[in-house]
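Grab your viewer and work through these exercises on charges and helix faces. Each one comes with a solution in small steps.

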Amino acid sequence: MLEACKEAVQCNDGDDKIPVAIDGTWHKRGHTSNHGVVVATSVDTGKVLDSELLSKYCHTCKKSGAHEGCVKNFDGSSGGMEAEGAVRIFQRSNQTRGVKYKQYLGDGDSKGFVKVVESKPYGDDCTVEKLECIGHVQKRMGSRLRKLKKDLVGKKLSDGKGVGGSKRLTDGMIDKLQNYYGQAIRNNLHSLQDMRSAVWATYFHELSTDDDPQHGLCPKGDNSWCKYNRKEPDYKHHGLPESVMLAIKPIYRDLIPKTVFVSVNTLRLGLTDAIISFNDGNIGRMKVLQKLGIEPGFNTITILKELDSLRIKKAEMVMEEMAKKGRKLKRNKKRSREDTEDSDYGAGMF
């Protein structure tokens with residue numbers, strides 16, 4: 001992680017005031033977990049710079065009372081772990097990492113930023129700034145819609161039909177709603193109120209029908225993305241049924257609970273191993289073995305290298321597939337323009 005900090009400084013043109021992304025996770029969602037992990041990642045390199053494991057429970061203390069080496073290091077609600085972890089990471093950054101985290105990128109609903117600013121980790125000389133991750137919020141929207149669709153398989157909505165199927169909540173429609181949601185945020189960064197209105201505009205736009213158009217929040221004028229408000233002739237609504245829209249409405253507000261539990265020691269091992277593998281690849285585990293006095297053999301080294309090579313190949317395949325889709329989409333758009341421009345010429349027309 002120290003090497004990752006040095007790399008982040010180099011990517012920041014040698015400036016030791018670097019931007020970081022802060023995120024936390026718990027063993028159980030719903031703010032009932034005894035353990036939590038907070039991680040600081042470089043915005044520039046994507047590598048982990050620091051981490052904090054918080055625990056409000058010690059199994060040994062619970063059985064035999066206070067003892068030396070107690071693993072409990074946090075008092076408070078589980079929901080406050082991310083904020084507390086962020087504060088600790090920021091407060092020690094200058095001393096243990098030789099850097100200052102100038103900009104804070106976190107979840108939109110995270111309280112960590114507020115707590116970090118209140119703690120003044122660098123005094124009054126260096127103020128921490130907030131960065132917003134639109135892509136994170138947009139992705140979360142799609143994930144929740146897909147989870148809802150999966151949960152409602154085999155169940156009937158208010159109109160007696162399922163949530164999925166033709167002209168209902170298909171994967172394509174989920175992508176469409178997710179993109180609408182992201183664009184509503186990106187296009188209204190100047191105003192929180194306008195952003196909220198734009199998000200709800202996308203919702204009511206899809207809820208509208210020919211008999212009941214609900215485009216009051218959609219932008220007006222000839223440049224509007226809303227074809228109804230552009231007053232296009234013969235415009236027909238093709239949104240989702242009211243039953244589906246009512247089912248997805250809570251997605252805009254609610255969180256999905258997740259319940260997973262492991263011991264704090266297992267979590268600590270998993271966290272540090274994940275950081276090593278993420279920053280340096282599987283081959284980085286050799287250093288752990290060497291620190292334990294175990295010299296890795298030929299087979300061990302070979303397997304670790306093969307795992308890293310396989311991961312790189314998979315990543316390259318994914319990127320190549322994305323590039324192919326991008327090129328195909330670009331070609332289709334070009335052909336569509338050419339067909340429109342050359343409408344006076346075609347096979348059999350002469």
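## Exercise 1: a pair along one helix

Asp-151 and Lys-147 sit 4 residues apart in helix H5 (residues 134-151), so about one helical turn separates them. Keep in mind that this is a predicted model.

Task: work out how the side chains of Asp-151 and Lys-147 meet, and whether each residue is buried, partly exposed or exposed.

Solution:
- Start with the helix geometry: an α-helix has 3.6 residues a turn, so residues three or four places apart point the same way.
- Next, check the contact. The two side chains, Asp-151 and Lys-147, form a salt bridge, 2.8 Å from N to O.
- Now look at cover. Asp-151 has 38% relative accessibility, which makes it partly exposed.
- Lys-147 is partly exposed too, at 36%.

## Exercise 2: a pair across the sequence

Task: find what links Arg-92 to Asp-50, and which elements the two residues belong to.

Solution:
- Go for the contact: Arg-92 and Asp-50 share a salt bridge with an N to O distance of 2.9 Å.
- Then place the partners. Arg-92 is in helix H3 (residues 81-97) and Asp-50 is in strand S3 (residues 48-55), so the bridge ties together parts 42 residues apart in sequence.
- Compare accessibility with the cut-off, where buried means under 20%. Asp-50, at 3%, is buried, while Arg-92, at 22%, counts as partly exposed.
- Finally, widen the view: Asp-50, Glu-52, Glu-84, Arg-88, Arg-92 and Arg-97 are joined into one network by salt bridges that share partners.

The count for the model comes to 18 salt bridges.

## Exercise 3: two sides of H1

Task: sort out which residues of helix H1 are buried and which exposed residues lie on the face turned away from them.

Solution:
- Pick out the buried residues in H1 (residues 2-11): Ala-4, Cys-5, Ala-8 and Val-9.
- Look down the axis. The buried residues of H1 fall within an arc of 140°, so they line one face of the helix.
- Turn to the face directed away from that buried side, and you'll meet the exposed Glu-3, Lys-6 and Gln-10.
- Step past the helix: Asp-13 follows H1 and has a positive phi, near 60°.

## Exercise 4: a charged patch

Task: which residues form the negative surface patch that includes Glu-242?

Solution:
- List the members: Asp-210, Asp-211, Asp-212 and Glu-242.
- Place Glu-242: it belongs to helix H8 (residues 242-248).
- Check its cover: with a relative accessible area of 55%, Glu-242 is exposed.

Definitions and conventions:
Residues are numbered from 1 along each chain as its sequence is written. This is a predicted model: local features need pLDDT of at least 70, side-chain atom pairs count only at pLDDT 80 or more; totals for chains, interfaces and linings use all residues. Side-chain values use heavy atoms; hydrogens and water are left out. Patches are made of residues with over 30% relative accessible area and no salt bridge: like charges are joined within 9 Å, nonpolar side chains (Val, Leu, Ile, Met, Phe, Trp, Tyr) within 5 Å. Accessible areas come from the Shrake-Rupley method with a 1.4 Å probe; for residues, only the protein chains shown count as cover. A salt bridge is a side-chain nitrogen of Lys or Arg within 4 Å of a carboxyl oxygen of Asp or Glu. Lys and Arg count as positive and Asp and Glu as negative; His and the chain ends are not counted. The place of a charge is taken as NZ of Lys, CZ of Arg, CG of Asp or CD of Glu. Buried means under 20% relative accessible area, exposed over 50%, partly exposed in between (1.4 Å probe, protein chains only). The arc is that of the directions from the helix axis to the C-beta atoms.
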